[in-house]
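What follows is a short walk through one structure, taken a few residues at a time. Please look at the sequence and the model before reading on.

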Amino acid sequence: MSTMKFCRECNNILYPKEDREQKMLLYACRNCDHQEVAENYCVYRNEVHHSAAERTQVLQDVAADPTLPRTKDVQCAECKHHEAVFFQATARGEEGMTLFFVCCNPNCGHRWRD
């Protein structure tokens, strides 16, 4: 099994990189310009695929986060509960910030944005 390689200059992870001109595999740092020739040409790739249920669970857990602000000035469209946590994030393709709400009712967890 392959081990991770680290940059000699800045100690960041080295990533595999192809040198097409010289037809060789290199390991390159994304932080500085350090590169080194690969001794082993076997590259491992680990892709993690999340199910929809995992993503939903993460968002429902947001309602229990004590560091997020809460409001009682909103009403959930699903269960009519009057408390939600909210946070700001940029939505893809939109300019500015979007306000996201998650219902605090443990039996609901409905999400919406404003």
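The model shown here is predicted. A convenient place to begin is E36, which touches K5, R8, L14, L26 and Y27 when residues up to four places away in sequence are not counted. With R8 there is also a polar contact: the side chains of E36 and R8 meet at 3.5 Å. E36 itself belongs to strand 3, made up of residues 35-37. Is E36 buried or exposed? Its relative accessibility is 14%, and E36 therefore counts as buried, because the cut-off for buried is under 20%.

Q35 is in strand 3 as well. Its relative accessible area is 38%, so Q35 is partly exposed; this class covers what lies between the 20% and 50% limits. Which residues does Q35 contact, once its neighbours within four places in sequence are left aside? They are K17, L26, Y27 and A28. K17 stands 18 residues away from Q35 along the chain, and the C-alpha atoms of the two are separated by 9.0 Å. Two of the residues named here, L26 and Y27, are also among those touched by E36.

The next stop is a set of cysteines. UniProt, in an unreviewed entry, places the feature "binding site" at C7, C10, C29 and C32. These positions are spread over 26 residues of sequence, yet they cluster in space, with a largest C-alpha distance of 8.6 Å.

Two of these cysteines can be followed further. C29 lies in strand 2, which runs over residues 24-29. At 8% relative accessibility, C29 falls under the 20% cut-off and so counts as buried. Not counting residues up to four places away in sequence, C29 touches C7, C10, N12, I13, L14 and H34. That list includes C7 and C10, both of which carry the UniProt annotation. L14 appears there too, and L14 is also one of the residues touched by E36.

C10 is found in the segment before strand 1, a strand that covers 14-19. Its relative accessible area is 26%, so C10 is partly exposed, whereas C29 is buried. With neighbours within four places in sequence left aside, C10 is in contact with C29, N31 and C32. Of these contacts, C29 and C32 are listed in the "binding site" feature that comes from UniProt.

Notes: Residues numbered from 1 in each chain as written. Predicted model: local features only at pLDDT ≥ 70, side-chain atom pairs only at ≥ 80, totals over all residues. Heavy atoms only, no water. Helix = DSSP H or I, 4+ residues; strand = E, 2+ residues; numbered from the N terminus. Buried < 20%, exposed > 50% of the residue type's maximum accessible area, 1.4 Å probe, protein only. Polar contact = N/O pair within 3.5 Å; in protein donor to acceptor, adjacent residues only side chain to side chain. Contact = heavy atoms within 4.5 Å. UniProt positions renumbered as here; feature names shortened; annotations may be inferred.
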